[in-house]
Amino acid sequence: MNEPLRRYSLDPYSFEDVRKQGCVYVDKTQFLANFSTHRCYVPVFCRPHLLGKTLFLTTLKAYFEGKKELFKGLYIESVEEELAAQQNREPWKKHPVLHLDLSFGTYRTETGLEDVLQSKLARWEDEFGCAQRTDSINFRFIDIIRHLYRETGQRVVLLVDGADAALLDTYDMPELNDKHNRTLCGLFNITKSHDINIETCFLTGLSRIRERDIFGSFNNWCDLSFSRDFYNVCGFTEQEVRDNFPLELKALA
């Protein structure tokens, strides 16, 4: 019982923070390999609260940003070069990534969703040096994607966390719910005409609510929520607990 217990992240929302702080991380990067070989343009993944959706999304972010050093000793490090050769690309190829987190916000007001989107767009414009030419949410989004593609020569990766949050938050307010739904449809619909600038999109959510409206804005979307290849991407299986936490189980006993 003298073995020192390891360090845990109490707020494990960022893969990069977990790795840089030396916290315990159960290796889920085999799913990056599954995702890399999956031919769907817009994967959708739904799970309940606090099961690791954001952690996986930030793992995707680090992967597409080519941050090889964060994956040292993990599964994906051992197979990335082979995957890259199979797909005729460079290993750890760096893409510009837009991470849109909609899971936190106040949506029960007329401008709630628009305020969240406007704030995020403003931060992206400042971060990437993209001048604002219009007040339109959709056209600002298009301008940012085009700007990143021109500046880097690489297609943009779009990661959307909590894609259904605004709809779930206003489920008992039909008119506002419909308004938010139309806003999201308009935003996501631009991917159809600008997919030449987009490498892939990945959406997470709590449920498949109104999926025909939101996800119908995308071409070639697929639901991975019940896929055999991704069923345990979130949470821990009993075997993962036994393999990764033997000291902690011993201390608990």
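## A first look at this predicted model

A search of the whole structure turns up 2 cavities of 30 Å³ or more. The second largest cavity holds about 30 Å³ of space. Since this is a predicted model, everything below describes computed features of that prediction.

**The second largest cavity**

Which residues line the second largest cavity? They are Leu 100, Leu 117, Leu 121, Trp 124, Ile 137, Phe 141 and Leu 187. Helix 5 (112–128) and helix 6 (137–152) are the elements that give two or more residues to this lining, and helix 5 gives the most, with 3 residues. Sorted by class, the lining of the second largest cavity has 7 nonpolar, no polar and no charged residues.

**The overall picture**

Stepping back, the protein has 11 helices and 5 strands. Of its 253 residues, 47% count as buried. Among contacts between residues at least 6 apart in sequence, 76% join residues at least 24 apart.

**Two nonpolar cores**

In soluble globular proteins, nonpolar side chains tend to be buried together. Here, the largest nonpolar core has 33 residues, and Leu 98, Leu 102, Phe 141, Val 160 and Leu 203 touch the most other members. The elements that give two or more residues to this core are strand 1 (42–46), strand 2 (97–101), helix 5, helix 6, strand 3 (156–161), helix 7 (165–169), helix 8 (174–193) and strand 4 (198–205). Helix 6 gives the most to this core, with 6 residues. There is also a second, separate core of 32 residues, which includes Val 18, Tyr 25, Phe 64 and Leu 83.

**Helix 6 and helix 3**

Helix 6 is a good place to look next. Its buried residues are Ile 137, Arg 140, Phe 141, Ile 142, Asp 143, Ile 144, Ile 145, His 147 and Leu 148. The buried residues of helix 6 pack against strand 2, helix 5, strand 3, helix 8 and strand 4. Phe 141 is worth finding on the screen: this residue of helix 6 is buried, helps to line the second largest cavity, and is among the residues that touch the most other members of the largest nonpolar core.

How many residues of helix 3 are buried? The count is 11 of 12, so helix 3 is mostly covered. The buried ones are Lys 53, Thr 54, Leu 55, Phe 56, Leu 57, Thr 58, Thr 59, Leu 60, Ala 62, Tyr 63 and Phe 64. Phe 64 has already appeared above, as a member of the second core.

The table sets out the lengths of these two helices.

| Helix | Residues | Expected span at 1.5 Å a residue | C-alpha distance, end to end |
|---|---|---|---|
| Helix 3 (53–64) | 12 residues | 16 Å | 17 Å |
| Helix 6 (137–152) | 16 residues | 22 Å | 23 Å |

For helix 3, the distance between the end C-alpha atoms agrees with the expected span. For helix 6, the reach is close to what is expected.

A glycine follows each helix. Just after helix 3, Gly 66 takes a positive phi of about 70°. Just after helix 6, Gly 153 takes a positive phi of about 75°.

**The largest pocket**

The largest pocket has a volume of about 830 Å³. Its lining is made up of 36 residues, and those closest to its centre are Tyr 13, Leu 50, Leu 51, Gly 52 and Lys 53. The elements that give two or more residues to this lining are helix 3, helix 7 and strand 4. Helix 3 supplies the largest share, 5 residues. By class, the lining of the largest pocket has 20 nonpolar, 11 polar and 5 charged residues.

**Two residues to visit**

Lys 93 is found in the loop between helix 4 (75–86) and strand 2. With a relative accessible area of 30%, Lys 93 is partly exposed, because that value falls between the 20% and 50% cut-offs. Leaving out residues up to four places away in sequence, Lys 93 touches Tyr 63, Phe 64, Gly 66 and Gln 154. Lys 93 and Lys 68 are 25 residues apart in sequence and 9.6 Å apart in space, C-alpha to C-alpha.

Leu 5 lies in the segment before helix 1 (15–20). Is Leu 5 buried or exposed? Its relative accessibility is 52%, so Leu 5 counts as exposed, the cut-off being over 50%. Leu 5 touches Leu 247 and Ala 251, again not counting residues up to four places away in sequence. Leu 5 and Leu 247 are 242 residues apart in sequence and 7.0 Å apart in space, C-alpha to C-alpha.

Conventions
Residues are numbered from 1 along each chain as its sequence is written. This is a predicted model: local features need pLDDT of at least 70, side-chain atom pairs count only at pLDDT 80 or more; totals for chains, interfaces and linings use all residues. Side-chain values use heavy atoms; hydrogens and water are left out. Helices (H or I, at least four residues) and strands (E, at least two) are DSSP runs, numbered from the N terminus. The expected span of a helix is 1.5 Å times one less than its number of residues. Buried means under 20% relative accessible area, exposed over 50%, partly exposed in between (1.4 Å probe, protein chains only). On a 1 Å grid over the protein atoms alone, a cavity is a set of points where a 1.4 Å probe fits but cannot get out, and a pocket is an open set with protein on both sides within 12 Å along at least five of seven lines; lining residues have an atom within 4 Å of a point. Grid points are joined across faces, edges and corners, and a volume is the space filled by probe spheres set on the points. Ala, Val, Leu, Ile, Met, Phe, Trp, Tyr, Cys and Pro count as nonpolar, Asp, Glu, Lys and Arg as charged, and the others, Gly among them, as polar. A nonpolar core is a set of buried Ala, Val, Leu, Ile, Met, Phe, Trp, Tyr and Cys residues joined through side-chain atoms within 4.5 Å. Contact means heavy atoms within 4.5 Å.
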